[in-house]
Amino acid sequence: MTESQASRISYTLPSSLESVDRVEQIAEELAKKAGIDEDEIYRVTMAVREAAVNAVLHGNSYDPEKSVTATFENTGNALVIRITDQGKGLDPDTLPDPLAPENLLRGSGRGIFLIRSFMDEVHFRQLHPGTELTLIKNLGTAQTGS
Amino acid sequence: MSMKVSTRQVDGITILDLSGRITLGEGSVQLRDSVRDLLSKGSKHILLNLGDVNYIDSSGIGELVSAYTTVRNQGGELKLLNLTKKVHDLLQITKLYTVFDIKDDEASAIAAFKS
């Protein structure tokens, strides 16, 4: 399902790995169209992929009854991507620090860290149920490709 | 989109030449299965050649870490070879660059394994 409103496009997708790949692909197209350089395209794309993985895997636990909503917008000043799940919610303050020595060799727990590293702003909103992640890349700070 | 794995032996070291993406799902599972398979056959000196790996997500990073600890816990050694800039940068920001033994030359990587 697609809803277009000016430059904002919203997709409602099933809780699957295919949806993660689709969201990643759309994010890449959005970033390329914005004219930012390749490194920034990579960072935006990976951050959005991680957010989608989070929603599908940790939020909705692959539940076929639950969906993920992904909204993409280029405001002119920034790329704004919102990923929403219908899971039990996520408190970012309770996540272990993946850079702490005791966590370095953990096999998971780096997704949110990478999102925060690669985007200019990351906001969490609890929806009861569900979590909305808003990822923002300021176009003023992102280097342009040409 | 997916990852390819090929295996070769050089001086008693098993080299896994990986290409493509190590991401949640197929790529991560392939890496896990490949390393487990080698360990079950007694191959404990493993060199992961990441020269043609153009993309790793957090799941793939986790899988590299798990492979490293699994091999080490069984008395073996796992090293990384030929990181692309993107993978190098990822390991830098996750502070894993100092955890892994990373080489950029196959011959010296082979020589660095203890017999």
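How many bridges join β1(B) to strand β2 of chain B, and which way do the two run? Seven bridges, and the strands run antiparallel. Strand β2 covers residues 13-22 of chain B. One pair to click on: B:Ser6 has B:Asp17 in β2(B) as its bridge partner. Before I go on, a caution. This is a predicted model.

Let's stay with chain B and its sheet. The sheet is open and has five strands. The order is β1-β2-β3-β4-β5, all in chain B, and the pairing is mixed. Which strands stand at the edges? They are β1, residues 4-10, and β5, residues 101-103. Each has a single partner strand, so one side of each is left without a neighbour in the sheet. On twist: neighbouring strands here are turned by 25° against each other on average, direction ignored. As background, strands of a sheet pair through backbone hydrogen bonds, either parallel or antiparallel.

Now the helix on that sheet. Helix α2 of chain B spans residues 58-73, which is 16 residues. From first C-alpha to last, α2(B) reaches 22 Å. That is close to the 22 Å expected at 1.5 Å a residue. Where does α2(B) lie? Across β2, β3 (45-56) and β4 (77-81) of chain B. Against β4(B), the helix runs at about 145°.

Which residues of α2(B) are buried? At the start of the helix, the list includes B:Ser58, B:Ser59, B:Gly60, B:Ile61 and B:Gly62. B:Glu63, B:Leu64 and B:Val65 are buried too. So are B:Ala67, B:Tyr68 and B:Val71. Just after the helix, look at B:Gly75. That glycine takes a positive phi of about 80°.

Over to chain A. Chain A has three helices and six strands. From the N terminus on, the elements run β-β-α-α-β-β-α-β-β. What about overall dimensions? For 146 residues, a compact globule would have a radius of gyration near 15 Å, and chain A agrees because its value is 15 Å. Its C-alpha atoms fill a box of roughly 40 × 40 × 25 Å along the principal axes. Buried residues make up 36% of the 146 in chain A. Next, contact range. Take contacts in chain A between residues at least 6 apart in sequence: 68% of them join residues at least 24 apart.

Strand pairing in chain A next. Strand β2, residues 8-14, pairs with strand β3, residues 67-74. The sense is antiparallel, over seven bridges. In that pairing, A:Ile9 has A:Phe72 in β3(A) as its bridge partner. β3(A) also pairs with β4, residues 78-84, again in the antiparallel sense, over six bridges. There, A:Glu73 stands opposite A:Val80 in β4(A). What links β3(A) to β4(A)? The two form a hairpin with three residues between them. In the turn sits A:Gly76, with a positive phi of about 100°.

Last topic: the interface. How many residues of each chain take part? 17 residues of chain A are in contact with 16 residues of chain B. On the chain A side, the elements that give two or more residues are α1 (17-33), α2 (38-59) and α3 (111-118). Which of them gives the largest share of that side? It is α2(A), with five residues. And the make-up by class? The side of chain A that touches chain B has 10 nonpolar, four polar and three charged residues.

That's the tour. Questions, please.

Notes:
Residues numbered from 1 in each chain as written. Chains lettered and ligands numbered in written order. Predicted model: local features only at pLDDT ≥ 70, side-chain atom pairs only at ≥ 80, totals over all residues. Helix = DSSP H or I, 4+ residues; strand = E, 2+ residues; numbered from the N terminus. Expected span 1.5 Å × (residues − 1). Buried ≥ 20, exposed ≤ 12 C-beta atoms within 10 Å, placed from the backbone. Pairing = 2+ DSSP bridges. Axes fitted to C-alpha atoms, helices over the stretch in contact; angles between N-to-C directions. Contact = placed C-beta atoms within 7 Å. Nonpolar A, V, L, I, M, F, W, Y, C, P; charged D, E, K, R; others polar. Rg over C-alpha atoms; globule rule 2.2 N^0.38 Å.
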